[in-house]
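Q: Could you take a close look at the surroundings of the ligand for me? I'd enjoy a connected walk through that part, and then a little of what lies beyond.

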Amino acid sequence: MLLVTGLASQRRSRAGEGGNRRAGHGAPSPRCKVVVIGAGFGGLEAALRLARQRNVDLTVIDSHNHHLFQPLLYQVATAALSPADIASPVRGIIPASNRTHVLMATVTGVDTRARRVLCDGHAVPYDELIIATGSKPSYFGHASWAEAAPGLKTLDDALALRHSILAAFEQASVAGSAADQARLLTFVLIGGGPTGVEMAGSIAELARDVLAHDYDMATGRARILLIEAGPRVLEAFAPDLSEDAAAALTGLGVEIRTHTSVTGIEAGLVHLHNETIAAGTVIWTAGTEATPVAGWLGVTPGHGGRVAVGADLRVSGHPGVSVIGDAALASGADGKPLPGLAPVAKQQGRYVARAILRRLRGRRALAPFAYRDYGTLATIGRNKAVAEFGPVHLHGLPAWLMWAVAHIFFLIGFRNRVMVSAQWAFAYMTEERAGRLIIERAGPRTEPRTGRTPQPVAEAGHAD
Ligand SMILES: Cc1cc2nc3c(=O)[nH]c(=O)nc-3n(C[C@H](O)[C@H](O)[C@H](O)COP(=O)(O)OP(=O)(O)OC[C@H]3O[C@@H](n4cnc5c(N)ncnc54)[C@H](O)[C@@H]3O)c2cc1C
């Protein structure tokens, strides 16, 4: 949906064109229309560098009105943080002006011949296009599993999961039988990557330290299973850190099943090769695929549906189009595809902005994009995390402190940094989770990227 405010800013932009003359010169300065699709990590980084540049007319389009700090989504889903703590309005980050426009709209295609972005029945012209629409959960060809095992990608997803987790305890407290209670309090996470590990640890702590007291329930009544098809959790980390993470999770009471593939999922049931698990909440953390950018550009999708880009992050055959972040298939120094991580998207965003400005100024092209890997971190719970900085491997409290500091540092906006720091400090001292609110939301919500209309939150993800 293109918001009226978006159209208004376009009108402001046209009205502002008369003023686009350099002071003291009679001739209009050459202007380049740059459109950025997606105000996530990559798109925002590019947009912030292009905003208010003298020769750039910038339009940022996003289907949401906020930039989302996805690494902390699981904390919203597990009641540790509130939505506004990890999201900021795009219009607050990139204020509209006569050269910079923000549109809340869902892009449905790109007319590369006419150089126009198609969104909600409108066409936005561009000279240079940066596509940074990220990824979405991938069910490896089993689209029907999505309804019973939602993924975690948007604030809507996080709130629906929070509802599911909290409502499960509420319903279990009045369940008619022990079997019903056991089913409601079984949480299955499918996929042992960072999101699965972080979610599993956080649900375990929520159940043990907070909800067990709320409901006067024996600690350990909740069952949390983490299912991973590969040989170990956190496969992208070094084996010793995977082992540390697995030991920390086991210490929190999480059951880890490695070498275990899911063969089917239906409402409240997870089928394995020789077992079916009845669960109140099933969460998909197993994989992602790119948003449908390849289809928009008419190119063959590469691994994970991503668009292959050259060393300058532009798409072959489309010189005015750059694709960055999770939607792009770019190679690292070792020739392997770069991972879908926030720092990759941010560095690529900075690179394409600089490359466009150099082209505009008629300067020499930049050296090929090279990703700088500063290390990776994953947290399991209170004082429990793993960190890998090349040969340096940390775990326990030092890794957890680094994780916390890094996440505060990379959050967008002073307010969010203060709020998250304060809430973490309070939670650390009290083991309290202030976000454990069950909120019924009226009316269907439509997720712009999939177009599917999920069930009302009150019903989402429940077996009963
Ligand atoms: C739960 C979770 C935890 C994560 N944890 C970590 C972590 O700890 N560390 C790490 O480095 N990475 C982490 N990641 C990965 C990281 O968030 C991504 O790699 C990063 O967000 C990719 O940036 P991007 O700019 O490509 O896309 P995104 O940041 O996803 O931004 C895409 C933007 O495009 C918009 N959009 C999508 N489709 C359309 C459309 N059709 N029209 C208009 N707008 C559209 C979206 O609304 C969104 O704002 C995590 C991801 C998730 C989901």
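**Around the ligand**

A: Happy to. The shell around the ligand takes at least three residues from domain 1 (7–137 + 288–360) and at least three from domain 2 (143–287 + 376–430). Please keep in mind that this is a predicted model.

In total, 34 residues surround the ligand, and the closest are Gly 38, Gly 40, Gly 42, Gly 134 and Gly 325. Sorted by class, the shell holds 16 nonpolar, 14 polar and 4 charged residues. Several elements supply at least two shell residues each: helix H2 (41–50), strand E2 (56–62), helix H3 (73–77), helix H7 (194–214) and helix H10 (342–360).

Between two of these contributors, in the loop from H2 to E2, you will find Arg 52. Its phi is near 65°, a positive value in a residue other than glycine. Most residues other than glycine have a negative phi. Arg 52 counts as partly exposed because 13 other C-beta atoms lie within 10 Å, where 12 or fewer would make it exposed.

Phe 140 makes a good companion to look at, with a phi near 50°, again positive in a residue other than glycine. Phe 140 sits in the loop between strand E10 (135–137) and helix H5 (155–172). With 11 other C-beta atoms within 10 Å, Phe 140 is exposed.

Another loop, between strand E13 (254–257) and strand E14 (262–266), holds His 259. This histidine has 10 other C-beta atoms within 10 Å and is therefore exposed. The C-alpha atoms of His 259 and Glu 228 are 6.2 Å apart, although 31 residues separate the two along the chain.

Now for helix H11 (residues 396–410): at 1.5 Å a residue, its 15 residues should span 21 Å, and the end C-alpha atoms are indeed 21 Å apart. Ala 399, Trp 400, Trp 403 and His 407 are the buried residues of H11. They lie on the same side of H11 because they cover an arc of only 100° around the axis. An α-helix has 3.6 residues a turn, so residues three or four places apart point the same way. The buried residues of H11 pack against strand E23 (376–381), strand E24 (384–389) and strand E25 (392–395). On the face turned away from that buried side are the exposed residues Leu 397, Pro 398, Val 405 and Phe 409.

Stepping back, the protein chain has 12 helices and 25 strands, and buried residues make up 45% of its 464 residues. Among contacts between residues at least 6 apart in sequence, 66% join residues at least 24 apart.

Conventions:
Residues are numbered from 1 along each chain as its sequence is written. This is a predicted model: local features need pLDDT of at least 70, side-chain atom pairs count only at pLDDT 80 or more; totals for chains, interfaces and linings use all residues. Helices (H or I, at least four residues) and strands (E, at least two) are DSSP runs, numbered from the N terminus. The expected span of a helix is 1.5 Å times one less than its number of residues. A residue is buried if 20 or more other C-beta atoms lie within 10 Å of its own, exposed if 12 or fewer, and partly exposed in between; C-beta atoms are placed from the backbone. The arc is that of the directions from the helix axis to the C-beta atoms. Two residues are in contact if their C-beta atoms, placed from the backbone, lie within 7 Å. A residue is near a molecule or strand if its C-beta atom, placed from the backbone, lies within 6 Å of it. Ala, Val, Leu, Ile, Met, Phe, Trp, Tyr, Cys and Pro count as nonpolar, Asp, Glu, Lys and Arg as charged, and the others, Gly among them, as polar. Domain bounds come from an automatic or database domain assignment.
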